[in-house]
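Me: I'm new to reading protein models and would like a close look at a single part. Could you walk me through it step by step, then show me some other parts to set beside it?

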Amino acid sequence: MSPNDLFDKFDKKINDLYTFRDKYYILNTSSTSSDDRTKDLTSKLDSLASEIETESANFKSKALFLILLGKTYNVMPDYSEKSAELLTKCVKLDPNQIEAWNYLGECYWKKGDFQMCKNCFEQSLKLKKNKMALRGLSMVMRQLINQEPKNTKMYLDESIRFAKESLQLDFKDGMSWYILANCYVSLFFSPFSQQNTSILKQAISAYTQALKDESVAQLQTDLYYNKSMISMYEENWSDVLICLTKALSLDPHWIELKDNLKGTLNYLGKIVEMISTRGKLKSKKFQALIEAIQTSDLGPYSEGFSTEKENVDLVQCNLKDLQPGLNQNKVLVGKVICTLQAKANSDNLNIICFTCCIADSNGDCAAMTIYNLADGEGVIIGNSVAIPEPWMERVNFKFNLTDHLKNDYLVKQISDKIDYEFKFDSIRVENPTVLVVKGKKWGKDKISSAFFVPKVVQD
């Protein structure tokens with residue numbers, strides 16, 4: 001066998017080993033412990049490394065031998081000192097090996113040494129513009145924000161630029177789209193975007209493009225997890241559940257995934273329960289609350305409100321008068337009948353809104369979610385609330401757990417219930433200062449001084 005054929009033979013075996021790592025839980029649905037993958041992967045790694053070492057004298061150069069061996073040891077999810085050592089020897093022996101610089105950069109990424117990681121990818125780019133280095137630099141730039149917060153905007157811009165350059169080399173590359181999506185998520189939740197929804201739409205579009213690449217869609221657990229967090233922020237609940245179950249199918253031992261899936265199902269179920277039972281209030285108490293709704297609850301909105309361009313007249317309305325989306329020139333008045341949670345919730349840490357249920361003068365009920373609310377602030381049962389030009393979401397879908405999770409052992413860990421139906425209306429409030437509570441308009445002290453960010457996994 002020629003030296004080139006020998007290299008290609010082992011390079012394919014190494015790529016197959018990476019696929020085995022990424023598809024492990026799809027191929028081994030009976031696995032009940034994360035240790036199973038580590039054990040099986042280590043066994044295959046040792047076998048392949050031994051096979052490569054026996055052919056060490058037959059490669060075209062020692063540098064190529066070191067690349068193959070270093071790449072093999074790098075298959076483990078955590079940092080491999082052995083891999084870093086082999087790849088370092090390789091680039092010292094032959095500094096023109098692009099692949100060695102890239103995999104060495106990946107080693108330093110796993111180690112958390114982002115400056116060395118950056119140096120490796122930059123060395124790779126000096127030799128030739130390539131996707132792996134550009135994607136790596138995009139990821140590194142966002143990590144450097146933690147070390148130099150004052151340069152956040154510069155690092156975000158650079159991160160986006162590198163991801164876009166990678167796509168210029170291969171527009172269909174799913175990993176490049178995935179990394180670009182994460183860039184937009186970071187930008188959206190930074191102080192510089194003012195949570196511009198167009199940036200969020202760009203993130204969702206990029207995630208969608210990434211999923212068109214089957215090699216990414218079938219293997220990237222983090223992609224589904226991150227997309228679920230953005231869908232959660234958008235209150236696209238059916239997509240949240242689909243993404244979480246897909247991610248869990250790829251990695252059934254990721255505890256946070258399980259917690260988020262269970263937490264989301266419980267959260268939605270609680271909303272349905274609280275609306276259907278009118279906050280579990282006794283009939284007389286509930287009736288007294290809605291009968292107490294009066295014109296004075298409008299506060300300043302009894303005379304409309306003014307923008308920089310015009311005066312806006314508002315018509316008082318009830319829930320039945322609203323349509324999905326923005327309801328212009330209307331003001332909804334209701335009473336708080338229950339609160340579900342504050343922003344911090346042990347069941348689901350990624351639900352970052354204050355949630356309550358309100359009832360209008362007709363006795364109809366809906367959820368209300370308030371974003372960007374300062375810690376310790378909120379409404380309580382009995383408070384009147386007036387919401388100008390309310391944005392309404394209409395949730396209505398069914399979800400079968402076994403349709404999305406084929407692992408029976410995993411299903412039992414999530415819930416005893418299989419079939420779910422979620423049907424309710426929800427009023428979304430992005431800016432707390434638009435609310436009038438107990439006849440008085442909330443001030444800027446109700447706005448959070450921090451930007452609440454879903455816990456998105458870094459690439």
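In which sense do β6 and strand β7 (residues 365–370) pair, and over how many bridges?

Reply: Happy to help! This is a predicted model, in which local features need pLDDT of at least 70 and side-chain atom pairs count only at pLDDT 80 or more, while totals for chains, interfaces and linings use all residues. Residues are numbered from 1 along each chain as its sequence is written, and side-chain values use heavy atoms, with hydrogens and water left out.

The pairing of β6 with β7 is antiparallel, over six bridges. Strands here are DSSP runs of E with at least two residues, helices are runs of H or I with at least four, and both are numbered from the N terminus. Two strands pair if DSSP finds at least two bridges between them. One such bridge links A359 to C365 in β7. Five residues lie between the strands of this hairpin, and G363 takes a positive phi near 90° there.

Now look at the sides of β6. In a regular strand the side chains alternate between the two faces of the sheet. In β6, F354, C356 and I358 point one way, T355, C357 and A359 point the other way, and all are buried. Buried means under 20% relative accessible area, exposed over 50%, and partly exposed in between, using a 1.4 Å probe and protein chains only. Because six of the six residues of β6 (residues 354–359) are buried, the strand is largely enclosed by the rest of the structure.

For a helix to set beside the strand, try α6 (residues 98–111). Its 14 residues reach 20 Å from first C-alpha to last, close to the 20 Å expected at 1.5 Å a residue; the expected span is 1.5 Å times one less than the number of residues. Among the buried residues of α6 are W101, N102, Y103 and W109. The buried residues pack against α1 (3–22), α4 (62–73), α5 (81–93), α7 (114–127) and α8 (131–144). After α6 comes G112, with a positive phi near 90°.

Finally, visit A163, which is in helix α9 (residues 152–169). Why is A163 called buried? Because its relative accessibility is 1%, A163 counts as buried. Leaving aside neighbours within four places in sequence, A163 is in contact with S138, I179, L180 and C183, where contact means heavy atoms within 4.5 Å. The C-alpha atoms of A163 and G299 are separated by 49 Å, and the two residues are 136 residues apart along the chain.
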